[in-house]
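Hi,

Here is the structure I said I'd pass on. Have a look at it first, and then read on for what turned up.

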Amino acid sequence: MYKLYSHNDLDGVGCGIVGKLAFGEDIQVFYNSVGGLDFKVEKFFEEKENNEAVLLITDLSINEDNTKRIDNYIKEGGKAQLIDHHKSALHFNNYDWGKVRVNYDDGRQTCATSLLYEHLVENSLMEQSKTLEQFIELVRQYDTWEWDKNGNTKAKQLNDLFFMFSIEEFEEKVIKRIEQNDKFDFDEFEQKLLEMEDAKIERYIKRKKRELIQTTIDEKCTGVVHAESYHSELGNELGKEYPHLDYITILNMGGRKVSFRTIHDDVDVSEIASQFGGGGHAKASGCSMGNDAFQKYVIDLFHEESLRMDAPKNKLNLKESTSGVLYEGRSGHHYFVYCEDSAWYMQDNHKRTNHTFSSYQEAVNYIKRTDFAWLVKDDIYESYLKHS
């Protein structure tokens with residue numbers, strides 16, 4: 001009997017689906033939160049009936065005590081395998097039973113589902129399946145956020161579908177589809193559901209954009225928002241809307257969780273999450289909301305104002321216009337950003353400053369970080385130019 005302990009997100013459940021396709025009734029799958037896994041693994045070793053079971057752990061890490069338990073289990077003749085793809089889990093490669101890989105040789109990021117599938121195929125524990133591989137690639141692209149770069153909306157839709165059903169229903173649908181079809185696709189009913197979900201997500205993100213709070217923590221500029229749903233989509237859209245922010249912090253008060261997202265290659269949010277006992281990917285990580293995180297991201301910011309959004313429908317005052325772009329800050333100052341001889345300069349209330357910037361975005365980052373500035377409407381822009 002195989003006993004698989006995996007994460008309760010799409011990638012974790014993808015591992016469960018692979019396991020059930022490989023072993024059928026000879027596997028039991030248990031889905032866990034990040035904080036709940038160690039308790040379940042400890043219970044595994046307390047139950048005598050598990051003495052002959054093969055222990056599989058995917059998409060999650062374990063604590064030091066459970067690491068020792070697995071090591072002893074192996075030494076006493078037991079079988080176990082931990083498979084993960086997070087940078088924070090690389091130390092498990094020091095154990096014969098650990099297999100952690102962050103990237104493939106071609107630079108693509110891995111996911112736990114793809115690693116488990118490859119492990120089982122390589123060890124002749126399951127046969128290859130093109131339909132299953134199509135599903136796995138969608139999981140991988142969504143989990144690594146590669147879908148956004150590739151424009152593969154089908155991967156995002158798979159995750160949307162995952163949250164529309166219970167885990168049991170989702171498993172059943174996917175397994176049946178993989179077993180009975182030559183191509184992994186959505187049926188007509190699911191397509192209708194996904195269209196409705198896309199509209200719902202768009203409305204949700206639009207509302208949350210008005211609630212974003214900007215602050216600087218440990219020399220990193222972050223936007224903080226409270227949200228219980230659509231963390232990946234929200235983090236991605238807020239990052240694009242406010243590129244001057246180093247990362248986005250999403251607080252789920254009900255679940256007592258913190259999610260970190262970034263669109264920048266030079267920011268590693270897994271390092272930020274690790275400060276609060278969490279971890280994950282360079283661009284998507286999370287942690288439990290302990291006292292330290294609660295103090296920094298909730299209590300200290302409770303009375304802060306939300307960011308003003310940039311004017312959305314301008315025809316004259318347009319971003320990146322070399323002839324000049326006008327912003328207003330909380331101080332009441334107007335900042336006019338313009339280009340001359342391939343360099344960018346700034347006026348502060350009609351007076352040229354000593355600042356020189358190598359790009360438009362660098363100039364905007366400066367005024368947004370120092371004075372919480374926003375792009376003004378066309379009428380204010382025209383009035384400013386008349387008085388120049």
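Let's start with a salt bridge: E64 and K68 meet through their side chains, with N and O 3.8 Å apart. Both sit in helix α3 (residues 64–75), and because they are four residues apart there, about one helical turn separates them. That fits a general point: an α-helix has 3.6 residues a turn, so residues three or four places apart point the same way. E64 is exposed, at 56% relative accessibility. Do keep in mind as you read that this is a predicted model.

The structure holds 25 salt bridges, so there are others to look at. One of them pairs E171 with K20, and their closest N and O atoms are 2.9 Å apart. This pair ties together distant parts of the chain: E171 belongs to helix α8 and K20 to helix α1 (residues 10–23), with their positions 151 residues apart. Is E171 buried or exposed? It counts as buried because its relative accessibility is 6%, and the cut-off for buried is under 20%. K20, at 29%, counts as partly exposed.

D310 and K319 also form a salt bridge through their side chains, at 3.0 Å from N to O. Here D310 is buried, with 7% relative accessibility, while K319 is partly exposed at 41%. Elsewhere, K173, R177, D187 and E190 are joined into one network by salt bridges that share partners.

Two members of that network bring us to helix α9. D187 caps the N-terminal end of α9, with a side-chain oxygen 3.2 Å from the backbone nitrogen of F189, and E190 is among the buried residues of the helix.

The helix itself runs over residues 188–209, 22 residues in total. From first C-alpha to last it reaches 32 Å, close to the 32 Å expected at 1.5 Å a residue. Along with E190, its buried residues are L194, E197, I201, Y204, I205, K208 and K209. Seen down the axis of α9, they fall within an arc of 120°, so they line one face of the helix. What covers them includes α7 (153–164), α8 (167–180), β7 (220–226) and α10 (231–241). On the other side of α9, the exposed residues are E188, M196, E202, R203 and K206.

One last item, from a database record: an unreviewed UniProt entry lists residues 324–387 as "domain: Oligoribonuclease NrnB C-terminal". In the model, that span is 33% helix and 41% strand, and its end C-alpha atoms lie 14 Å apart.

Cheers

Technical notes. Residues numbered from 1 in each chain as written. Predicted model: local features only at pLDDT ≥ 70, side-chain atom pairs only at ≥ 80, totals over all residues. Heavy atoms only, no water. UniProt positions renumbered as here; feature names shortened; annotations may be inferred. Helix = DSSP H or I, 4+ residues; strand = E, 2+ residues; numbered from the N terminus. Expected span 1.5 Å × (residues − 1). Buried < 20%, exposed > 50% of the residue type's maximum accessible area, 1.4 Å probe, protein only. Arc of directions from axis to C-beta. Contact = heavy atoms within 4.5 Å. Polar contact = N/O pair within 3.5 Å; in protein donor to acceptor, adjacent residues only side chain to side chain. Salt bridge = Lys/Arg side-chain N within 4 Å of Asp/Glu carboxyl O.
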